[in-house]
Amino acid sequence: MKTYTLYPINGRKSFNGKCRVIEENDTLKLQSYDTIVAEYNKKTDEVKVNGYYSVTTMTHINSFLNHVGKPKRNKKDLI
């Protein structure tokens, strides 16, 4: 298992340690605070977002989507 910091795409300098990417085999998982909120499967090129949590977590999710080359989503897409 490998973990690394995810950086914002909205002009902020950092997320202050509130989110990270966990890489396990062919899967990248986005941990926002203490919750896995999204996953990306490298083999199938599929993203699973586990729902809408908050504005801050949505910012984390969109940075993660950008990181894996997927389009942004909004609250309406997730509920």
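**Close-up views of a predicted model**

**View 1. The surroundings of Gln31 in the predicted model.** Setting aside the neighbours within four places of it in sequence, Gln31 is in contact with Lys18, Cys19, Arg20, Ile22 and Ile36. Gln31 itself is found in strand β3, and its side chain reaches the backbone oxygen of Tyr33 at 3.0 Å. With a relative accessibility of 14%, Gln31 counts as buried, because the cut-off for that class is under 20%. The strand around Gln31 should be viewed in the same light: 5 of the 6 residues of β3 are buried, so β3 is largely enclosed by the rest of the structure. As the model is a predicted one, these contacts are best read as features of the prediction.

**View 2. The open sheet and its strand order.** The sheet is open and is formed by 5 strands, which follow the order β1-β2-β3-β4-β5 with antiparallel pairing. Its edge strands are β1 (residues 2-5) and β5, each of which pairs on one side only. From one strand to the next, the twist averages 20°. For a reader new to such views, strands of a sheet pair through backbone hydrogen bonds, and the pairing can be either parallel or antiparallel.

**View 3. Strand β3 between β2 and β4.** On the β2 side, 6 bridges join β2 to β3, and the two strands run antiparallel; Cys19 has Ser32 as its bridge partner in β3. On the β4 side, 6 bridges join β3 to β4, which likewise run antiparallel. Among the pairs here, Leu30 has Ala38 as its bridge partner in β4, while Ser32 has Thr35 as its bridge partner in that strand. Ser32 can therefore be followed in both directions, because it is the bridge partner of Cys19 and has Thr35 as a partner in β4.

**View 4. The two hairpin turns.** Which residue in the turn between β2 and β3 has a positive phi? In this hairpin, where 2 residues lie between the strands, the residue is Asn25, with a phi of about 55°. The hairpin of β3 and β4 also has 2 residues between its strands, and there Tyr33 takes a positive phi near 55°. Tyr33 is also the residue whose backbone oxygen is reached by the side chain of Gln31, at 3.0 Å.

**View 5. Helix α1 packed on the sheet.** Helix α1 packs on the sheet and touches β1, β2, β3, β4 and β5, and its direction makes about 160° with that of β3. The helix comprises 13 residues (55-67), which at 1.5 Å a residue should span 18 Å, and its end C-alpha atoms are indeed 18 Å apart. Its buried residues are Thr57, Met58, His60, Ile61, Asn62, Ser63, Phe64 and Leu65. What covers these buried residues includes the strands β2 (19-24), β3 (27-32), β4 (35-41) and β5 (46-49), together with helix α2 (75-78). After α1 comes Gly69, which has a positive phi near 80°.

**View 6. Salt bridges that involve the loop between β4 and β5.** The structure holds 4 salt bridges, and the three described here each have a residue in this loop. In general, side chains of opposite charge can pair when their charged atoms come close. The side chains of Glu23 and Lys42 meet in a salt bridge, at 2.5 Å from N to O. Because Glu23 lies in strand β2 and Lys42 in the loop between β4 and β5, this pair ties together parts that are 19 residues apart in sequence. Lys42 counts as partly exposed, at 36% relative accessibility.

A salt bridge also joins Lys43 to Asp26, with the closest N and O atoms 3.5 Å apart. Here Lys43 lies in the loop between β4 and β5 and Asp26 in the loop between β2 and β3, so the pair ties together parts that are 17 residues apart in sequence. Lys43 counts as exposed, at 67% relative accessibility, whereas Asp26, at 32%, counts as partly exposed.

Lys70 and Asp45 likewise form a salt bridge, in which the closest N and O atoms are 2.9 Å apart. This pair links distant parts of the chain, 25 residues apart, with Lys70 in the loop between α1 and α2 and Asp45 in the loop between β4 and β5. Lys70 is partly exposed, having a relative accessible area of 24%, and Asp45 also counts as partly exposed, at 38% relative accessibility.

Technical notes. Residues numbered from 1 in each chain as written. Predicted model: local features only at pLDDT ≥ 70, side-chain atom pairs only at ≥ 80, totals over all residues. Heavy atoms only, no water. Helix = DSSP H or I, 4+ residues; strand = E, 2+ residues; numbered from the N terminus. Expected span 1.5 Å × (residues − 1). Buried < 20%, exposed > 50% of the residue type's maximum accessible area, 1.4 Å probe, protein only. Contact = heavy atoms within 4.5 Å. Axes fitted to C-alpha atoms, helices over the stretch in contact; angles between N-to-C directions. Polar contact = N/O pair within 3.5 Å; in protein donor to acceptor, adjacent residues only side chain to side chain.
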